[in-house]
Amino acid sequence: MKKKIIPILTVFVLIFIILLCLFAGRKIKEYMPSKEEQDLNEYFGITTQGGISMELNRSMIEEKALLRDGQVYLDYTFVHGQLNDRFYWDANENVLLYTTASDVIKASADSKKYYIGRKKASKDYTIVLVDADKTYIALDYVAEYTNLTFEVFKEPDRVLLQTQWGSVTKLQVKKSTQLRVKDSIKSNILRELEKGDTVIKLEEAKDWVRVTTNDGLIGYVQKKRLGEETQETESHEFAEEAFTHQIRDYAINMAWHQVTTADANNAIAGVLQNTKGINVISPTWFYVNDNEGNIANLASADYVKYCHDQGIEVWGLVSNLENTQVDSTALLTHTSKRENLENQIIAAAIQYDLDGINVDFEALDAAVGEGFIQFIRELSLKCDGNGIVLSVDNYVSSDYTQFYDRQEQAVFADYLVVMGYDEHYAGSKESGSVASIGFVQKGADDIVSEGVPPEQVILGMPFFTRVWAETPKDTHGDDAESASEGYVPYELSSEAVGMQSAQRLIEVNGAQKKWLSQEGQHYAEYVNSGVTYKIWIEDAKSLEEKLKVMDSHGFAGASFWKLGLEDSTVWDTIIKYINSK
């Protein structure tokens with residue numbers, strides 16, 4: 001019996017030993033570091049022939065560059081969005097533009113040649129590649145005009161871009177170790193690190209430090225394997241361009257003069273006789289008349305001479321609103337058409353001896369934003385070369401007008417005019433002020449916060465107001481419409497009138513004015529033939545509140561829409577603030 005038991009016990013012991021070994025093996029394996037090396041092509045996400053990985057400011061990005069003939073090319077959308085938005089690609093005419101303080105630099109697709117103004121030059125590489133639905137720019141070319149450094153590495157192909165500099169933390173490896181993909185000893189190895197190697201610290205966890213090597217491998221190292229931290233300052237010398245502006249050494253007192261026929265120019269003496277202190281007048285003489293960039297012209301040399309004799313500069317206004325058949329997007333996104341428009345404007349300015357140009361391009365679509373900014377860049381160089389001041393009219397800031405890029409406008413244009421009116425306009429769904437003081441104040445604050453220097457800002461103010469009419473609807477109280485939520489029992493309409501016309505309406509209808517401190521203006525209301533009329537009044541007192549905003553912000557001056565709508569008494573108030581600057 002004993003002999004039979006002994007073999008059975010032996011089997012159980014052997015099974016136990018085997019299980020113990022298996023358990024111990026698993027435990028040992030659990031705590032043993034992985035020796036598997038990471039596939040670097042997979043790590044850098046390189047899946048296509050000629051693709052090259054990118055890191056920007058020591059951070060890996062999904063965007064890939066292109067490697068062609070030893071040259072790195074970057075996608076235009078990446079360049080424009082992340083590195084330098086002054087590059088402008090005209091997809092209609094396949095030309096890349098870059099505007100400096102003195103020249104427009106132009107490079108056509110798939111060519112080594114380019115133009116600096118009219119001067120021809122060339123590179124030893126193709127500057128722009130058009131590949132399928134993407135446009136690529138040579139990195140060497142981008143770097144000429146951009147505050148960045150870069151390094152290119154092989155096996156796998158990758159480029160490290162840097163646009164930010166300052167203090168970095170460096171760590172020295174104190175004992176040979178591994179750089180791993182993740183913060184775990186089971187994670188794949190990116191590289192073996194030797195004692196004395198240096199890495200740059202990105203962030204720190206409990207037992208691991210996220211670091212990058214000098215050639216762009218980003219991973220994790222055990223904290224115990226690293227020595228003390230040292231701080232180093234990185235810097236890059238890049239000569240930023242200096243842009244100059246034609247800024248007057250006096251406050252601007254500007255008014256727009258609406259001219260709709262050539263004969264209206266003859267009335268300039270009468271228009272000016274009731275004004276005081278105007279030093280700039282902007283007649284509405286020019287407008288875009290077709291999609292090729294040709295302009296309609298109502299200018300008058302006699303008008304200009306008369307104004308000059310009175311010591312008044314003439315800044316001719318050019319608009320995109322008069323001819324509704326013009327497609328502003330098509331015009332401004334074609335380089336040849338845009339240049340034709342610019343040349344016609346400059347030719348007219350020279351012909352009529354204008355002192356300045358006032359650009360008033362309104363109601364643009366977001367799709368034309370970059371084309372519009374390029375138009376301002378190019379026009380500014382032509383204006384500057386001919387001693388012509390360039391001013392640009394702008395809406396107050398809002399989410400849907402951000403594409404006007406007022407900060408970039410201010411780099412090239414001499415003045416930006418903020419149209420501090422049309423808070424409520426003809427198509428508004430509710431009645432209200434044309435320019436309450438809160439609206440004006442916010443418009444002034446916003447343009448400064450966007451980076452526009454105050455000395456380049458002219459604050460636009462209204463000489464007009466709106467008479468709002470609430471006409472009762474002819475509906476029954478129990479019908480479906482009147483019972484619906486949000487029902488408005490009247491039809492709303494409005495009419496823009498001048499200061500004197502508004503005052504006459506108030507007097508004729510026996511209305512009483514009251515001062516609204518929150519709006520910074522008087523208000524009047526009356527009923528005539530069952531219709532309720534409401535007027536937020538513009539007068540000397542409301543203008544003074546706006547002039548205080550101009551003054552407190554240190555703006556270059558003021559402009560007023562439009563001559564002929566003002567009460568002559570407002571000029572004493574205006575010059576009090578203009579002359580004090």
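Two strands count as paired here if DSSP finds at least two bridges between them. The model described is a predicted one.

By that rule, strand S4 and strand S5 (residues 95–99) are a pair: four bridges join them in the antiparallel sense. One of the matched positions is Tyr-88, whose bridge partner in S5 is Leu-97. The two strands belong to an open sheet of five strands, ordered S4-S5-S6-S7-S8, in which the pairing is antiparallel. Strand S4 (87–90) and strand S8 (119–122) each have a single partner strand and stand at the edges, so one side of each is left without a neighbour in the sheet. From one strand to the next, the twist averages 25 degrees.

Two helices are in contact with this sheet. Helix H3 (residues 76–83) packs on it and touches S4 and S5. The direction of H3 makes about 150 degrees with that of S4. Helix H9 (residues 369–385) lies across S4, S5 and strand S6 (104–108), and runs at about 55 degrees to S5.

The strands S4 and S5 also carry an aromatic pair. A pair of aromatic rings is described by the distance of the centres and the angle of the planes. A search of the whole structure finds 23 aromatic pairs. In one of them, the rings of Phe-87 and Tyr-98 have centres 4.6 Å apart and planes at 50 degrees, so this pair is tilted. Phe-87 lies in strand S4 and Tyr-98 in strand S5, eleven residues apart, and the pair links distant parts of the chain.

Helix H3 leads on to another sheet. H3 lies across strand S1 (51–56), S3, strand S10 (134–138) and strand S12 (158–162), and its course is at about 75 degrees to S3. These strands are part of an open sheet of seven, with the order S9-S10-S3-S2-S1-S12-S11 and mixed pairing. At its edges are strand S9 (128–131) and strand S11 (149–153), each of which pairs on one side only. The twist in this sheet averages 30 degrees from one strand to the next. Within it, strand S2 (residues 65–68) and strand S3 (residues 71–75) run antiparallel and are joined by three bridges. Arg-68 stands opposite Gln-71 in S3.

The remaining features are contacts between helices. Two packed helices are described by the angle between their axes and the distance between the axes. H9, already met on the five-stranded sheet, also packs with helix H8 (residues 335–351), at an angle of about 35 degrees and with the axes 10 Å apart. The crossing of H8 and H9 is right-handed. Among the residues of H8 that make the contact are Arg-338, Leu-341 and Ile-345, while H9 contributes residues including Gln-374, Phe-375 and Leu-379. By class, the contact of H8 with H9 has six nonpolar, three polar and five charged residues.

Farther along the chain, helix H11 (residues 437–449) meets helix H14 (residues 540–552), their axes coming within 10 Å and crossing at roughly 15 degrees. Angles under 35 degrees count as roughly parallel, and H11 and H14 are therefore roughly parallel to each other. H11 passes H14 in a right-handed crossing. On the H11 side the contact involves Ile-437, Val-440, Gln-441 and Ala-444, and on the H14 side Glu-545, Lys-546 and Val-549. By class, these are four nonpolar, one polar and two charged residues.

Terms used. Residues are numbered from 1 along each chain as its sequence is written. This is a predicted model: local features need pLDDT of at least 70, side-chain atom pairs count only at pLDDT 80 or more; totals for chains, interfaces and linings use all residues. Side-chain values use heavy atoms; hydrogens and water are left out. Axes are lines fitted to C-alpha atoms, for helices over the stretch in contact, and angles run from 0 to 180 degrees between N-to-C directions. Contact means heavy atoms within 4.5 Å. Angles under 35 degrees count as roughly parallel, over 145 as roughly antiparallel, 65 to 115 as roughly perpendicular and the rest as oblique. A crossing is left-handed if the near helix is turned anticlockwise from the far one by less than a right angle, and right-handed if clockwise. Ala, Val, Leu, Ile, Met, Phe, Trp, Tyr, Cys and Pro count as nonpolar, Asp, Glu, Lys and Arg as charged, and the others, Gly among them, as polar. Rings of Phe, Tyr and Trp (its six-membered ring) pair if their centres lie within 6.5 Å; planes under 30 degrees apart count as stacked, over 60 as edge-to-face and the rest as tilted.
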